Amino acid sequence: MASQEPQIKLIELTDEELATRKIGPHNLQKCLEALHRDGIVVLKNAINPSHLDKLNERMVDEAKTLYARTETHRNFGKGTGNIQQEPVCSPDYVFEDIIANPFATSVIESMIGPHPTMRFYSANTAFKATERQPVHIDIDFDMPRMPFAYCVNVNLVETSPENGATEVWLGSHTDTDQSVLDQTTEHKQIKADLLEERRRISPGIQPGLPKGSLMIRDFRLWHAGMPNRTDDPRVMLVSIQFASWYRSELKFVLPRSLEGKVDWGRVVPAVQWVDDDYDYLQGAHDHDFSLLP
């Protein structure tokens, strides 16, 4: 009998948790079990949908402008239709439940220790395409053999395989280090033999997620961007929180008008403050995530 397809763990926050902005012990335990086992977990209703709608309206327009520029970075080549895009950093578009979600921070610090440091805030946008990304990880250095960083992904719309939901490989974070990478490839791709071995155990899946979901992913988890087959660009925000002991100088950009005005909760923001007229759309795609000596 064929083995059952792996399923991502979706957890719905209770009314009390949403009112107090604190995750309770039962849901926290479920999150931690999923992160240890699968390397990924989803909080179904952690984001205010109206915040997503406001961001989506502006970011889709900006994405179209970026897509038309030849200098815009294409993730894994033009065929994937996937571009790197910076989130709107104007004060009216920076929402605490996205940039400093208290539920995400509570879960993450239960995995890697108190007061994790947020060092990255960006987005990628999938336009209509036919090509997929190779299965990869976003890091290619001598990483710690333990959880040390978590990505927080927020899609601005409901996602499905049709509009390019990310493919994730549950459980692949276990024992993953730079030895899993195919050094003959340009990108941080997983070796073909390891991929086939993993496929027999737990193949990649494309979980559809409702709008308002927040996905917490171990930085070491194998994944791949998939083609968006619709005419509507699909924007996904990503922030990354690192353990407080993790040695890095990486920072993300925010305007000075927001300094002292964001409730970061228990996450420590590593921010490069810039003037409000800073052109955030110029972006950047070369980021050094490596652990410093």
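**Around β2 and α2, and the aromatic pairs**

In β7, Arg217 is the bridge partner of Ile40, and this pairing is a convenient place to enter the structure, which is a predicted model. The two strands concerned, β2 and β7, run antiparallel to each other and are joined by four bridges. With β1, by contrast, β2 pairs in the parallel sense through two bridges, and here Leu10 stands opposite Val42 of β2.

The side chains of β2 can be followed residue by residue. Ile40 and Val42 point one way from the strand, whereas Val41 and Leu43 point the other way, and all of them are buried. In a regular strand the side chains alternate between the two faces of the sheet.

Going back along the chain from β2, the reader meets Gly39, which lies just after α2 and takes a positive phi of about 80°. Helix α2 itself covers residues 25-37, and its 13 residues, at 1.5 Å a residue, should span 18 Å; the C-alpha atoms at its ends are 18 Å apart, which agrees with that expectation.

Which residues of α2 are buried? They are Asn27, Leu28, Cys31, Leu32, Ala34 and Leu35, and because they cover an arc of only 160° around the axis, they are placed on the same side of α2. On the other side of the helix, Pro25, His26 and His36 are exposed. The elements that cover the buried residues of α2 include the strands β1 (10-11), β2 (40-43), β5 (149-155) and β7 (214-218), together with the helices α1 (15-20) and α5 (102-112). Strands β1 and β7, already met as the parallel and antiparallel partners of β2, are thus among the elements that cover this side of the helix.

The aromatic residues offer a second way through the model, in which 13 aromatic pairs are counted. One of them is formed by Trp245 and Tyr246, whose rings are 6.1 Å apart from centre to centre, with 55° between the planes, so that the pair is classed as tilted rather than edge-to-face, a class that requires over 60 degrees. The two partners differ in exposure: Trp245 is partly exposed, with a relative accessible area of 34%, while Tyr246 is buried, with a relative accessible area of 3%. Both belong to a cluster linked by ring pairs, which also contains Phe120, Phe141, Phe148, Phe219, Phe242 and Phe289.

Finally, the ring of Tyr93 is accompanied by charged side chains. Lys54 lies over the face of Tyr93, at 4.9 Å from the ring centre, and the charged end of Arg58 also sits over this ring, 4.7 Å from its centre.

Methods: Residues numbered from 1 in each chain as written. Predicted model: local features only at pLDDT ≥ 70, side-chain atom pairs only at ≥ 80, totals over all residues. Heavy atoms only, no water. Expected span 1.5 Å × (residues − 1). Buried < 20%, exposed > 50% of the residue type's maximum accessible area, 1.4 Å probe, protein only. Arc of directions from axis to C-beta. Contact = heavy atoms within 4.5 Å. Pairing = 2+ DSSP bridges. Phe/Tyr/Trp six-rings, centres within 6.5 Å; stacked < 30°, edge-to-face > 60°. Lys NZ or Arg CZ within 6 Å of the ring centre and 35° of its normal.
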